[in-house]
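Please walk me through this structure in the viewer, one selection at a time. I would like to know what to pick next and what is there.

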Amino acid sequence: MTEHQSDPVLRYGPAPESAADALAWLVDQGDRFGQFIGGTFTPPGDGPDSRNPATGEVLATLTQARQSDVDAALAAAHKAQDAWADLGGMGRARHLRATARTVQDNARLLSVMEVLDSGQPLRRVRDVTLPLVQRQFEYHAGLAHAMPRMFPDRTAQGICALIIGDTAPLATLAARLAPALAAGNTVVVKPCDKTTLSALLLADLCHAAGLPSGVINIITGDARVGDMLAQHEGVDMVAFEGPTDAGRSIRQLTAGHGKTVTLELDDTPPILVFDDADLDSAIEGIVDGMTRDGGIGRARLLIQESAARQTLEALRIRITRLRVGNPLDANTDIGALTDPAWRDHLAALVQRAGGQVFAPDMDLPDTGAFYPPTLISGLSPADPAMQAAFPGPVVVSDTFRTQAEAVQMANATGCGRTAMIWTEDISRALTVAPQLMASLVTLNGTTVMDPKLPVDSLRDSGTGVIGGCAGLMAYTRRTGPRDHHPGRDAQDTPARIALPTSLDAAIKAAHGAVGWRRLDGTARAQALNQVAEALLQHQTDLTQHVSAQEVQASADQIFTFAALAETRHAPPAPSRTLTLHDPLGVIGMLYSKDAKPLLSLMTALGAVLASGNCTVVALSKRGPDLCKPVARVLGEAGLPAGAVALMHADLDDLATPIAGHMGIDAIWNLSSPDLTGRIEHASAGNFKRVFTAYGPCDAEHCIQDMLTAASRIKSVHLPDLP
């Protein structure tokens, strides 16, 4: 009797991919790697072994970078940067397209190296990761070509440090490397110390395809190398991806250095399954999340109570049929974890979890860091397991009764990047999606990372946008000299607090203005028009402090923001994607005088209010006393109480408390640049967004920067229509 006659479940035969070409490349390099600097490998030195996580075998020996290696890599990047930027958008686009073709031509080699390096299953790397990497370079080649026309007043940051801590190095690296190069930057990459080989291979292939020497440089080693790179004075911008604790350290190291920093950190995406969902599709979506990125699921499954029993039973049956084993086998669903220590940590987390733990009884390979797919159910919302980021194929679940309870439970975590909703009621889906604290919400489908799709990071998931035109902007800066500061007063004399009696009172008032944050663009536009008219009505009062021309200019500026509140368009997004601009919440603003104090203040207020935020504004005592006259203008315009809270304060004394206050969602420093470092240090632990503007705030470029800084992007990916 044959196997399939005795067993009702048909079994796949083995279909392993040959690793010969990838191993041959390693042999050609002598199985030892130095740093990749200036288009060549430096002589290898002492360092850790790179092992195949599926077998434990040594693939190659890496070199632990020293400070001299970091200096050399940055020197090579600086040497190449001017020539790379001077190529122009069209010249850089040609190189990016050549890189995309190189990825396509070497897809098999790159796929196998990624599997050997990270333990991810071949099928996902070959069918998902490599096409996405190729698409990243193709899409950003188009942006590079159009950049002179789309962003005529922006230029490259300069030298970008890309610090990668992910177990899917190629996809993560490409999502940062492509926009950095498109914008005219040169880069120094520090890959994850556990998954380095595929990044070295990609850099070697790019150089062989004609990318100029020094445009891409790679230094290897542990987390200390990333820290050296992040705080180096030769770095203009840092893009970090990795664990939240490591990201907090990067934020601390870069605070006050004037670097642009983007952080993509841990995420525990909620999956909401309502009782009317297509159960089969939802189960496949949950399983897809468990098997992606080397089996790092990290999902929180929230099921409507009436459908919980059926959903959990179907999920148990489905994960029983998953295949765990050799990641080079095309039939494997879940490969190996990148590090045996992660497997042991995962096992300890599961053992400590409450609820009912289900893991299918399956034979795992004798060697390698393998872990079975696991479902933990029956948890309460307060259980620590519902907040944990499990580094493996583990899903935790809980139940909800009502739609409101589902939203509350989904938002009951410090993270906020992605979420999924499964329901056949499109009205319900479009009602719930905007309420979730997530930047990318997918309806009836799995999270798809499209290079055109802007994905923001909220709360402890980091700061900065990945993807689309908004993602490219992080790798650029305004043309002109850096750190322009036209002579604001760095020191402020103590002042008695006016209007709100304390910072806590001001923040409480701002949080109480819930109605303002819920207004649509039309209603906000009407309110801003009234503010502009009130400015003109109080011209006599205001001209005691500023000129009549500045009062008129301030009113015109508010009229402009009123128009923008009603007509501002969302950035381009893929078809079937609804892209929204959500307000940040409560913005704390530190403001001191400049040449046009009223105009600059009203410009900042206009941007904040037009975007739907409330604000607590601390005004320095130096300069004209605008606190009471501006408060009268806003009050007579009918602005809701708490939408703007004005107070006089010593900005030096207030900077640290306002940055650390959990009732403030973002900080705008429109005063002394000396305060920026203190604000960034104080907000490193809570990942508040920090926006600075030291020059006149009424210029057109500053208006656009403020509107961008006053909102976050939310993308709702709609299901495919028949």
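## Start at a core residue

Select Leu639. Outside its close sequence neighbours, up to four places away, Leu639 touches Trp516, Ala527, Val531, Leu609, Leu634 and Val644. Keep in mind that this is a predicted model.

Now widen the selection. Leu639 is among the residues with the most contacts inside the largest nonpolar core, which has 74 residues. Leu590, Val616, Val617, Val630 and Trp668 belong to that group too. Colour helix α22, residues 597-610: this helix gives nine residues, the largest share of the core. In soluble globular proteins, nonpolar side chains tend to be buried together.

Then move to a separate core. This other core has 65 residues, including Phe33, Leu59, Ala93 and Tyr139.

## The five-stranded sheet

Show the cartoon and select the strands in the order β23-β22-β21-β24-β25. They form an open sheet with parallel pairing. At the edges are β23 (644-648) and β25 (689-692), and each of them pairs on one side only. Look along the sheet: from one strand to the next, the twist averages 15 degrees.

Zoom in on β22, residues 614-619. Five bridges join β22 to β23, and the two run parallel. Pick Val616, and opposite it in β23 you will find Ala645.

Next, add helix α24, residues 651-660. Helix α24 packs on the sheet and touches β21 (586-591), β22 and β24 (666-670). Its direction makes about 160 degrees with that of β21.

## Charged pairs

Switch to side chains. The model has 26 salt bridges. Three of the pairs are good stops.

**Arg417 and Glu264.** Their closest N and O atoms are 3.9 Å apart. Arg417 is in the loop between α14 (403-410) and β16 (418-422), while Glu264 is in strand β10 (residues 260-264), so this salt bridge ties together parts 153 residues apart in sequence. Are these two residues buried or exposed? Both Arg417 and Glu264 are buried.

**Arg401 and Glu305.** Here the closest N and O atoms of the salt bridge are 3.5 Å apart. Arg401 sits in the loop between β15 (394-400) and α14, and Glu305 sits in helix α12 (residues 305-320). The pair links distant parts of the chain, 96 residues apart. Turn on the surface. Arg401 counts as exposed because its relative accessibility is 60%, and the cut-off is over 50%. Glu305, with a relative accessible area of 43%, is partly exposed.

**Asp49 and Arg51.** This salt bridge has its closest N and O atoms 4.0 Å apart. Asp49 is partly exposed, at 39% relative accessible area. Arg51 is partly exposed as well, at 44%.

One more selection takes in a group of charges: Asp153, Arg154, Arg478 and Asp705. Salt bridges that share partners join these four residues into one network.

## Step back to the domains

Zoom out and colour by domain. The domain assignment gives domain 1 as 28-264, domain 2 as 270-456 and domain 3 as 500-712. How far apart are the C-alpha centres of domain 2 and domain 3? They lie 40 Å apart. Finish at the contact between these two domains, which takes seven residues from domain 2 and seven residues from domain 3.

How values were computed. Residues numbered from 1 in each chain as written. Predicted model: local features only at pLDDT ≥ 70, side-chain atom pairs only at ≥ 80, totals over all residues. Heavy atoms only, no water. Core = buried A, V, L, I, M, F, W, Y, C linked by side-chain atoms within 4.5 Å. Buried < 20%, exposed > 50% of the residue type's maximum accessible area, 1.4 Å probe, protein only. Helix = DSSP H or I, 4+ residues; strand = E, 2+ residues; numbered from the N terminus. Contact = heavy atoms within 4.5 Å. Pairing = 2+ DSSP bridges. Axes fitted to C-alpha atoms, helices over the stretch in contact; angles between N-to-C directions. Salt bridge = Lys/Arg side-chain N within 4 Å of Asp/Glu carboxyl O. Domains from an automatic or database assignment.
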